[in-house]
Amino acid sequence: MLRVDVVLGLQWGDEGKGKVVDAIADRYAVVARFQGGPNAGHTLYHKGQKVVLHQVPSGIFHPEVLCLIGDGVVLDPEVLLEEIEGLRRLGLSPEARIFIGERAHLILPVHRWLENVSPEGEKIGTTKRGIGPAYADRYARRGLCVKAIEEADFERQVKALTAYHEARFPKHSPVKYSDTFWEGIALLRNLKRVATHEWLSNFSEVLAEGSQGTMLDIFAGTYPYVTSSHTTIAGVLSGLSVPPQAIREIYGVTKAYTTRVGEGPFPTEIEGEVAEWLQSRGQERGSTTGRLRRCGWLDLVALRYAVKINGVTCLALTKADVLCGLPEVKVRIDGPDTAPVYSTLPGWHSLTDPSFNHFLQFIEQELGVPVWGISTGPERRDWIERSIPAHKTS
Ligand code: GDP
């Protein structure tokens with residue numbers, strides 16, 4: 001019987017989901033991405049080397065694990081090509097273990113072009129990877145899905161969609177289709193493409209890997225400063241075509257503080273010394289864009305919401321090590337976004353200090369879910385599991 005555990009970001013993305021997935025992936029037959037595109041950059045360490053994955057699921061470093069790029073994703077063939085070449089340079093042969101949902105949609109060069117010619121993304125702070133326009137075409141029912149590459153007139157379809165958008169912005173020079181794009185399409189033709197619901201039913205243990213975070217969900221997030229897809233549990237069902245009964249654990253990932261990239265509300269944002277501490281010790285710079293992340297205290301009001309709407313069963317806490325050495329830490333417990341109310345807790349020097357344990361207990365009490373996993377650093381081995389999720393004991 002199909003069982004799907006889910007790793008979801010509970011904040012504004014960059015919670016360390018890739019790291020958490022990498023830490024537990026060897027318990028699963030499949031790791032599947034269900035939404036988003038190459039705006040997500042999941043940072044992992046493979047044999048001490050830093051690797052950022054944009055399209056390939058974070059299970060790729062486990063040789064037994066199959067990786068699915070699900071139907072809910074928008075896929076850039078050029079980015080995938082580059083990423084697979086990068087993985088080959090690390091000595092992996094990833095192609096045999098990558099499967100692509102045939103209903104995933106393609107990001108074409110015209111989608112990246114649109115980000116530059118139309119001013120819409122500016123105020124939202126998009127990553128300009130063509131993701132928003134690709135989803136917009138998908139919902140306008142003129143997008144091209146992965147299955148379209150099998151059709152004899154695929155090239156004509158690409159040209160027609162491109163011409164449609166070029167006609168909207170006639171003052172701009174036309175879109176360029178490089179050889180790399182067509183190489184990317186050739187790569188997709190060689191990879192295994194699957195009907196997601198059928199293919200997944202061959203497995204019992206699947207891990208669904210979220211991108212971005214709950215507060216960036218197109219419906220549930222801080223609209224309009226959101227991403228173009230469902231980053232919440234709803235996205236797993238639609239993006240992988242799995243029934244709700246298949247879902248087992250819902251692991252919510254949160255940092256021990258909060259960050260946000262780009263514009264939009266951020267009630268617990270701080271400036272000054274502590275913010276700089278978090279930015280430098282936490283290396284809070286976007287893995288896709290290189291942008292410095294805005295930093296702030298942990299926001300339990302936002303987390304309570306994220307836990308509730310996703311039905312989170314337990315938490316994975318990351319980056320508490322970044323707070324080591326601060327005399328005290330604050331957490332927002334109440335109050336409106338404009339006037340957050342904080343509790344001040346004693347800081348910790350190491351993650352074995354009783355005050356860190358107190359911090360964990362405080363979070364558990366406030367959110368009503370156990371802290372199951374604690375990430376103690378960026379590498380796979382920096383990982384502690386405190387309590388065992390219910391299904392593992394039954
Ligand atoms: P994701 O998109 O949610 O996977 O997160 P990103 O990869 O964008 O950002 C998380 C960053 O934090 C990466 O650079 C990770 O290597 C790093 N990281 C993850 N967990 C920890 C942790 O527990 N401690 C520290 N210091 N860094 C971590």
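**View 1. Residues around the ligand.** In this predicted model, 20 residues surround the ligand, each with a heavy atom within 4 Å of it. The closest are Lys-17, Gly-18, Thr-43, Asp-321 and Ser-375. Sorted by type, the shell holds three nonpolar, ten polar and seven charged residues. Here Ala, Val, Leu, Ile, Met, Phe, Trp, Tyr, Cys and Pro count as nonpolar, Asp, Glu, Lys and Arg as charged, and the others, Gly among them, as polar.

**View 2. Backbone atoms beside the ligand.** Let's look at the ligand's oxygen atoms. A polar backbone atom of Thr-43 is 2.8 Å from one ligand oxygen. For Gly-16, a backbone N or O atom lies 2.9 Å from an oxygen of the ligand, and for Gly-377 the corresponding distance is 3.3 Å. On its own the ligand exposes 590 Å², of which the protein buries 93% (Shrake-Rupley areas, 1.4 Å probe). Helix 1 (17–24) and strand 3 (42–46) are the elements that give two or more residues to the shell (DSSP runs of at least four residues for helices, H or I, and at least two for strands, E).

**View 3. Thr-231 in its loop.** Thr-231 sits in the loop between strand 10 (205–209) and helix 8 (233–240). Is this residue buried or exposed? Thr-231 counts as buried because its relative accessibility is 1% (buried means under 20%, exposed over 50%, partly exposed in between; 1.4 Å probe, protein chains only). A polar side-chain atom of Thr-231 lies 2.8 Å from the backbone oxygen of Gly-213.

**Notes.** Residues are numbered from 1 along each chain as its sequence is written. Local features in this predicted model need pLDDT of at least 70, side-chain atom pairs count only at pLDDT 80 or more, totals for chains, interfaces and linings use all residues, and side-chain values use heavy atoms, leaving out hydrogens and water.

Note on methods
Polar contact = N/O pair within 3.5 Å; in protein donor to acceptor, adjacent residues only side chain to side chain.
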